[in-house]
Amino acid sequence: MAKSDRRFYRAARVANQAMDDWLPDHAVGVANSRIFDVLPAADAPADETVDLGDVSLLPGLVEGHTHIPCPPRIDAFDIISQEPNEPALIRAAHAVGLALRSGITTMRDLGSKNEVVFAVRDAIASGVIPGPRLLAAGAPITRTMDHCWFWGGEADSPEAVRAMAQEHVDQGADVLKVMASGGNFTPTSNPRDRQYPPETIREIVEAGKSGGIEVAAHTHAAEGIRAAVEGGVRHLIHCRWLSANPEEGFRYEPELAQRIADEGIWVNPTIGLGLLASEARERGDAAPRRNPNLQGPSPREQGLEILRDMRDRGARFTSGLDMGMAYADFNRAPAEAWAFVEDVGLSEWHALRIMTCDTADAIGVGDRVGRIQSGLDADLAAFPGDPAANIRDLGQPVFVMQRGTVVVAPS
């Protein structure tokens, strides 16, 4: 390769390939959108080296759960359940640009109108607008007037569900999303209710297999978790274990949790969203209206105890802040890592792996991104401080590169 086509980016700390330690004072060689070398900074040609300084250089962040047309406001439901596609497209284009500048170089949208999210995905891929590499589910499959019905994925019978899933596959979805239980966001939904039996969920799984894609299931309800696992789903979103009985609160099933761990089913607990909401309450910020159908207790600490038990059983976690919900703006992805460390008790390096290589592997792009490794796409993000010592140092990056193009330059 010509020297003019390559650059070396030096940092005081560069994440190693295993994402479990720093390479001190190293440089990453980039050419033609790819990483071609990682070497001690002293061995990099001085005239080709950009010195990023006393920063921690990580792979670009991988965000596993977004809703790009949603404004992260307490009145978001009133907006997105009524507005036409045009303003939703503009908002989504803004959201992906904000995400990219915050260090997210790959993201997965798990619920938006097909007409919006597929158009934005294709606009990013063709270079019309800046944004992370975007994988999209399109409209989540849900019962009539149940969770997120307004995005156009309503289907009730097994035949209608299979047809809806196949339609998404035919339109080029990268993943399928099913509402295996109700959700908090939708006033006509009950988060404690299971939506579909395992047999119906399996129809979606089989449709996904026809297109070579997997299924992610929204699961607040314990019965929804069981239906998703028995239906063959590989990604559990929220995984909250709410009991159908409001007086009981949670209904955790340790044996099912062990099955989830043993089968390597990915779990996106969206705990960063809870952390941001808790901090907002402490500040006295206005809160979204409570879902009128959600009765009974669901204390956050009890939910965290369940996640700690799943951790001890070997559950595999992914990132995913549920971006677009209140408090979860599109530059707040690191809050998920903060919560993994502060609330679940994972090590800082474990949390950093979740935010990069683990989620990249989970969503099927680990052969391209998620590590600083020769041959992979040059997706990089540099943060001041040392997030392996203080996870809150994973915040706003001072340098972002996607596929070899500098998005945020050091000042």
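These are my notebook entries on salt bridges, cysteines, strands and pockets in a predicted model.

**Entry 1. Salt bridges**

I began with the charged side chains and found 28 salt bridges in the structure. I then looked up individual pairs.

The first pair I noted is Arg121 with Asp174, whose side chains meet in a salt bridge at 3.0 Å, N to O. This pair links distant parts of the chain: Arg121 belongs to helix α3 (residues 114-125), Asp174 to the loop between α4 (158-170) and β9 (176-179), and 53 residues separate them. I checked the accessibility of both partners. Arg121 counts as buried because its relative accessibility is 13%, under the 20% cut-off. Asp174, at 29%, counts as partly exposed.

The next pair I examined is Glu203 with Arg162, where the closest N and O atoms are 3.1 Å apart. Glu203 is in helix α5 (residues 198-210) and Arg162 is in helix α4, so this salt bridge ties together parts 41 residues apart in sequence. Both partners came out as partly exposed: Glu203 has a relative accessibility of 27%, and Arg162 has one of 30%.

I also looked up a pair within helix α5. The side chains of Glu206 and Lys209 form a salt bridge at 3.4 Å, N to O. The two residues are three apart in helix α5, so about one helical turn separates them. Glu206 is partly exposed at 31% relative accessible area, whereas Lys209 counts as exposed at 53%.

Finally, I asked which residues are linked in a network of salt bridges. I recorded Arg34, Arg133, Asp377, Asp379 and Arg403 as its members.

**Entry 2. Cysteines**

I searched for disulfides and found zero. Cys70 takes part in none, and the cysteine sulfur nearest to its own, in Cys148, is 7.2 Å away. I took up the matter from the side of Cys148 as well: its closest cysteine sulfur is that of Cys70, and at 7.2 Å the separation is too far for a bond. The cut-off for a disulfide is 2.5 Å between the sulfur atoms. Both residues are buried, Cys70 with a relative accessibility of 0% and Cys148 with a relative accessible area of 4%.

**Entry 3. Strand β5 and its partners**

I asked how many residues of strand β5 (residues 55-59) are buried. The count is five of five, so the strand is largely enclosed by the rest of the structure.

I then traced the pairing of β5. Strand β1 (residues 6-15) runs parallel to β5 and is joined to it by two bridges. Here I noted Arg13 opposite Ser56 of β5. With strand β14 (residues 380-384), β5 pairs in the antiparallel sense over five bridges. In that pairing, Val55 stands opposite Pro384 of β14.

**Entry 4. The open sheet**

I followed a sheet of five strands, which is open and has the order β9-β10-β11-β12-β13, with parallel pairing. Its edge strands are β9 and β13 (316-317), each of which pairs on one side only. Within the sheet I looked up strand β10 (residues 215-221) and strand β11 (residues 235-242), which pair in the parallel sense over five bridges. Thr219 has His238 in β11 as its bridge partner.

**Entry 5. The largest pocket**

I recorded a volume of about 1400 Å³ for the largest pocket. Its lining comprises 49 residues, and those nearest the centre are Asn184, Arg240, Leu273, Ala277 and Arg281. I asked which elements supply at least two residues of this lining. Among them are strands β9, β10 and β11, which I had already placed in the open sheet. Helices α1 (76-80), α8 (271-283) and α9 (300-313) each supply at least two as well. By class, I noted 27 nonpolar, 14 polar and eight charged residues in the lining.

**Entry 6. The second largest pocket**

For the second largest pocket I recorded about 210 Å³ of space. The lining has 15 residues, of which Ile124, Ala125, Gly131, Arg133 and Arg403 lie nearest the centre. Arg133 and Arg403 also appear in my note on the network of salt bridges. Helix α3 and strand β8 (133-136) each supply at least two lining residues. I divided the lining by class into eight nonpolar, three polar and four charged residues.

Notes:
Residues numbered from 1 in each chain as written. Predicted model: local features only at pLDDT ≥ 70, side-chain atom pairs only at ≥ 80, totals over all residues. Heavy atoms only, no water. Salt bridge = Lys/Arg side-chain N within 4 Å of Asp/Glu carboxyl O. Helix = DSSP H or I, 4+ residues; strand = E, 2+ residues; numbered from the N terminus. Buried < 20%, exposed > 50% of the residue type's maximum accessible area, 1.4 Å probe, protein only. Pairing = 2+ DSSP bridges. 1 Å grid on protein atoms, 1.4 Å probe; cavity = no way out; pocket = protein on both sides within 12 Å on 5 of 7 lines; lining within 4 Å. Points joined across faces, edges and corners; volume = space filled by probe spheres on them. Nonpolar A, V, L, I, M, F, W, Y, C, P; charged D, E, K, R; others polar.
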